[in-house]
Amino acid sequence: MKSYYQTTYLEKWTEDLYTKLGIKTPSQLNIDTIARIINIWIHYKPIMSKGLELEPNMYTMNIDSRLTPERRWLDFLHELCHLLRHAGSQTVMPKQFTQAQENEADQFVLYAAIPFFMVRKMTLPLGRGEAIGYIAREFRVPLYFAKKRYEQIEERIAQGKLLSAFEFGTVSQTQIIQESVGSHFSSDRDEHAPARIQAYYGWEGDFSRPEGLIIEHPLGFDWSGSLDIEVERDYKTCDMPDTSKEVASVLTGDLYVSQNRKGYVTINMSRVAWRHGQNAKRLYLPMEAIDDAINF
């Protein structure tokens, strides 16, 4: 199964970096080892993590001392990406450019914290939950971070299998597209098709609960009706979509709670459309808005 995994350009760059540095095992994945090899002076202070290039091939980095050891490691990798791949001061760059750099750094953290070339050599437990827990322990990362990477690996393997099947003529290109995006996006027009909901976990959270939910619908939203959302469900994780591209934010005032449906909130879609219009392809529902609606 692992042989079908599709590696991206950034992931290949990350693997090549580790090969160059002689990083081969999970035990070498720590701040001290990599900082020593690359020549980064590490400081720990109770301020936001930040890296600076003092001169060519000489760096300094502060790691927020208020964070847990697992979060310090993730912050280190995020700043490492900026130091090695992103030149220039972000304070004078256009917002779109700095956001692209932040998105790339977030992806780098996934690849660098749990490199697939190391996962490939492991014998993972058969159970999905056990496998995620095993990865979290082996790579010393938060459980929800391991879950996000595991799901990413699952998707890459599934896409690789489909592309391989298409190459040998066993499935059609239409089947590949449909299976890659999931059954929620089937070409059959089912007016009762459920919304597709995923969970976004921010880097500054404790990973025990998502920051918000990303909601899509295969047939487009019914802006004249309402949409029921189950709150405390273990949704699949996702990255935060670009909020400049047809994403509508849901506010507390857009929600109401039915006494007959515990564990659910209902979105008044007409209120969302009144603010954003009817072109949005996704909704972003912050958990804070849900909490406010429930506790109102």
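Visitor: How far apart are the end C-alpha atoms of helix 3, and what span should its 17 residues have?

Guide: Welcome! Keep in mind that this is a predicted model. To read a helix, compare the expected span with the distance between its ends. Helix 3 covers residues 69–85, and at 1.5 Å a residue it should span 24 Å. Its end C-alpha atoms are 24 Å apart, which agrees.

Visitor: How many residues of helix 3 are buried?

Guide: A residue counts as buried when its relative accessible area is under 20%. In helix 3, 12 of the 17 residues are buried, so by that cut-off the helix is mostly covered. Among them are L74, L77, L80 and L83.

Visitor: Where do W73 and F76 lie, and how many residues apart are they?

Guide: An α-helix has 3.6 residues a turn, so residues three or four places apart point the same way. Here, W73 and F76 both belong to helix 3 and are three residues apart, about one turn of the helix.

Visitor: Are the rings of W73 and F76 stacked or edge-to-face?

Guide: For a ring pair, look at the distance between the centres and then at the angle between the planes. The structure holds four aromatic pairs. In one of them, the ring centres of W73 and F76 are 5.9 Å apart and the planes meet at 15°, so this pair is stacked. Both W73 and F76 are buried. By contrast, F221 and W223 have ring centres 5.4 Å apart and planes at 65°, so they form an edge-to-face pair. F221 counts as buried at 11% relative accessibility, and W223 is buried with a relative accessible area of 9%.

Visitor: Which ring does the charged end of R85 sit over?

Guide: That is the ring of W13, with the charged end of R85 placed 4.7 Å from the ring centre.

Visitor: What is the order of the strands in the open sheet of five strands?

Guide: Read a sheet from one edge to the other. The order is 7-4-5-11-8, and the pairing is mixed. Strand 7 (237–238) and strand 8 (247–249) are the edges, each pairing on one side only.

Visitor: Which strands run antiparallel, joined by four bridges?

Guide: Those are strand 5 (residues 212–216) and strand 11 (residues 282–286). Across this pairing, G212 faces P286, and I215 stands opposite L283. Strand 8 pairs with strand 11 in the parallel sense, over three bridges, and there S249 stands opposite Y284.

Visitor: Which strands does helix 10 lie across?

Guide: Helix 10 (residues 287–295) lies across strand 5 and strand 11, at about 60° to strand 11. Helix 9 (residues 269–276) lies across strand 8 and strand 11, running at about 115° to strand 8.

How values were computed
Residues numbered from 1 in each chain as written. Predicted model: local features only at pLDDT ≥ 70, side-chain atom pairs only at ≥ 80, totals over all residues. Heavy atoms only, no water. Pairing = 2+ DSSP bridges. Helix = DSSP H or I, 4+ residues; strand = E, 2+ residues; numbered from the N terminus. Contact = heavy atoms within 4.5 Å. Axes fitted to C-alpha atoms, helices over the stretch in contact; angles between N-to-C directions. Expected span 1.5 Å × (residues − 1). Buried < 20%, exposed > 50% of the residue type's maximum accessible area, 1.4 Å probe, protein only. Phe/Tyr/Trp six-rings, centres within 6.5 Å; stacked < 30°, edge-to-face > 60°. Lys NZ or Arg CZ within 6 Å of the ring centre and 35° of its normal.
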